[in-house]
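Trainee: I have a new model to go through at the bench. Can we take it step by step?

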Amino acid sequence: MSKKTVFITGGAGFIGLHVIPLLLEKDYRIRIFDNMSRGDRGRVNELVATGNVELVEQDVRYGGAVHNAMKGCSHVIHFATVSINKSQADPYESIDINMVGNNNVFAAAADHGVERLVFASSASVYGDPKKLPMHEDDELNPLTPYCISKRAGEDLLGFYQRSKGLSWMALRFFNVYGPGQKIEAYYTSVINTFIQRLRSGQPPIIDGKGEQSMDFIHVTDLAKGVVAALESEQDNMPVNIGTGVDTSIAQLTKILIQAVGTDVEPIFNPRDVLVSRRAADITRAREVLGWEPQITVEQGMNELVKNQAR
Ligand SMILES: NC(=O)c1ccc[n+]([C@@H]2O[C@H](COP(=O)([O-])OP(=O)(O)OC[C@H]3O[C@@H](n4cnc5c(N)ncnc54)[C@H](O)[C@@H]3O)[C@@H](O)[C@H]2O)c1
């Protein structure tokens with residue numbers, strides 16, 4: 001019997017390149033659909049050389065191209081997107097890629113009758129949470145074109161489910177970090193900035209008291225969640241993918257100082273900061289996906305610091 005093929009938009013990006021090796025281990029074939037605006041061509045070439053990965057260099061904004069390229073695929077993962085900061089600077093491009101692109105991918109998947117589509121949604125659909133941990137049934141309040149497109153994407157999946165029987169999962173990723181991430185990544189850029197300062201003997205500068213927190217999820221754990229969602233028995237729902245632990249900027253700084261092995265003290269820049277906090281309720285991920293994160297923030301940050309030193 002021929003192998004099943006996973007169509008993965010944005011597969012040449014940070015998270016895609018962590019998911020693909022797991023899928024290859026499970027004997028899937030891979031078709032990356034990526035316009036390579038941010039993709040890692042060197043790494044994609046290595047994967048293509050395995051014989052089980054192909055690259056379609058195209059744009060999700062072109063519905064016909066998406067539809068044609070998806071022929072013969074059994075599963076879809078939709079990652080292609082422009083980021084939250086770019087979406088604020090250029091809402092037109094963001095709506096084009098994130099909204100029209102979503103529809104092109106979902107409509108094609110419904111037409112081709114794929115077995116499952118996994119969509120990368122985001123914790124940012126919640127806006128500033130009223131309580132922690134954040135549960136999938138909490139009120140949503142997306143604030144930027146990027147976040148709005150993620151929420152609309154989830155709703156659109158419901159439409160294709162009802163009208164054409166599409167089977168889907170929307171994963172609300174929290175603050176993803178790990179090897180291969182570009183240093184300007186929006187929420188997690190603080191990690192790289194602090195590591196760079198610590199390495200050059202400079203203290204990290206924290207605005208306010210550093211109370212703002214994030215739920216840092218390591219990309220290796222997250223990639224396993226994506227594969228679990230592609231194969232889960234239950235479907236058609238959003239699922240949080242985080243650790244459930246909120247790490248404040250002050251705590252993160254301590255962890256990084258230890259990991260780098262210096263004795264500098266952070267500088268606190270006294271100013272009013274809007275303190276936002278994040279932590280995922282991951283009960284649903286445990287129950288529905290049988291998924292559990294394995295890597296603590298301390299372990300993940302230590303590994304990141306070691307890798308960057310090589
Ligand atoms: N990294 C995070 O912290 C995080 C958090 C929440 C959600 N997400 C979501 O996870 C998904 C993957 O994120 P990532 O961190 O790997 O991003 P990334 O920017 O590293 O990868 C995105 C990929 O999409 C491609 N792409 C961009 N525009 C395209 C277009 N018009 N047509 C085809 N391909 C296009 C890029 O070339 C790139 O390879 C995204 O949907 C993102 O919104 C990421």
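Trainee: What is the strand order of the open sheet?

Mentor: Keep in mind that this is a predicted model. The sheet has seven strands, and their pairing is parallel. Read across, the order is E3-E2-E1-E4-E5-E6-E11.

Trainee: Which strands stand at the edges?

Mentor: Look for strands with a single partner. One side of each such strand is left without a neighbour in the sheet, so each stands at an edge. The two are E3 (53–56) and E11 (237–241).

Trainee: By how many degrees are neighbouring strands of this sheet turned against each other on average?

Mentor: Direction is ignored for this value. Averaged over neighbouring strands of the sheet, the turn is 20 degrees.

Trainee: How many bridges join E1 to E4?

Mentor: E1 covers residues 5–9 and E4 covers residues 75–78. The two strands run parallel. The number of bridges joining them is four.

Trainee: Which helix lies across E1, E2, E3 and E4?

Mentor: The helix spans residues 16–25. Against E2 (29–33), its direction is at about 160 degrees. The helix is H1.

Trainee: Is Thr9 buried or exposed?

Mentor: Thr9 lies in strand E1. Its relative accessible area is 0%. Buried means under 20%, so Thr9 counts as buried.

Trainee: Which residue makes a side-chain polar contact with Thr9?

Mentor: Start with the strand pairing: the bridge partner of Thr9 in E4 is His78. The side chains of this pair also make a polar contact, at 2.7 Å. The residue is His78.

Trainee: Where is Val60 found, and is Val60 buried or exposed?

Mentor: Val60 sits in the loop between E3 and helix H3 (63–69). Its relative accessible area is 4%. The cut-off for buried is under 20%, so Val60 is buried.

Trainee: How many Å apart in space are Val60 and Ile97?

Mentor: In sequence they are 37 residues apart. Ile97 is among the contacts of Val60, as are Thr9 and His78. From C-alpha to C-alpha, the distance is 6.7 Å.

Trainee: Which residues lie nearest the centre of the largest pocket?

Mentor: This pocket has a volume of about 1,100 Å³. Its lining counts 43 residues. Elements giving two or more residues to the lining include helix H5 (91–112) and helix H6 (145–164). Nearest the centre are Arg38, Phe79, Thr81, Ser83 and Tyr146.

Trainee: Which of those central pocket residues is also in contact with Thr9?

Mentor: Leave aside neighbours within four places in sequence. The contacts of Thr9 then include Phe33, Ile77 and Phe79. Among the residues nearest the pocket centre is Phe79.

Methods
Residues are numbered from 1 along each chain as its sequence is written. This is a predicted model: local features need pLDDT of at least 70, side-chain atom pairs count only at pLDDT 80 or more; totals for chains, interfaces and linings use all residues. Side-chain values use heavy atoms; hydrogens and water are left out. Two strands pair if DSSP finds at least two bridges between them. Axes are lines fitted to C-alpha atoms, for helices over the stretch in contact, and angles run from 0 to 180 degrees between N-to-C directions. Contact means heavy atoms within 4.5 Å. Buried means under 20% relative accessible area, exposed over 50%, partly exposed in between (1.4 Å probe, protein chains only). A polar contact is a pair of N or O atoms within 3.5 Å; within protein, one must be able to donate a hydrogen and the other to accept it, and residues adjacent in sequence count only if both atoms are side-chain atoms. On a 1 Å grid over the protein atoms alone, a cavity is a set of points where a 1.4 Å probe fits but cannot get out, and a pocket is an open set with protein on both sides within 12 Å along at least five of seven lines; lining residues have an atom within 4 Å of a point. Grid points are joined across faces, edges and corners, and a volume is the space filled by probe spheres set on the points.
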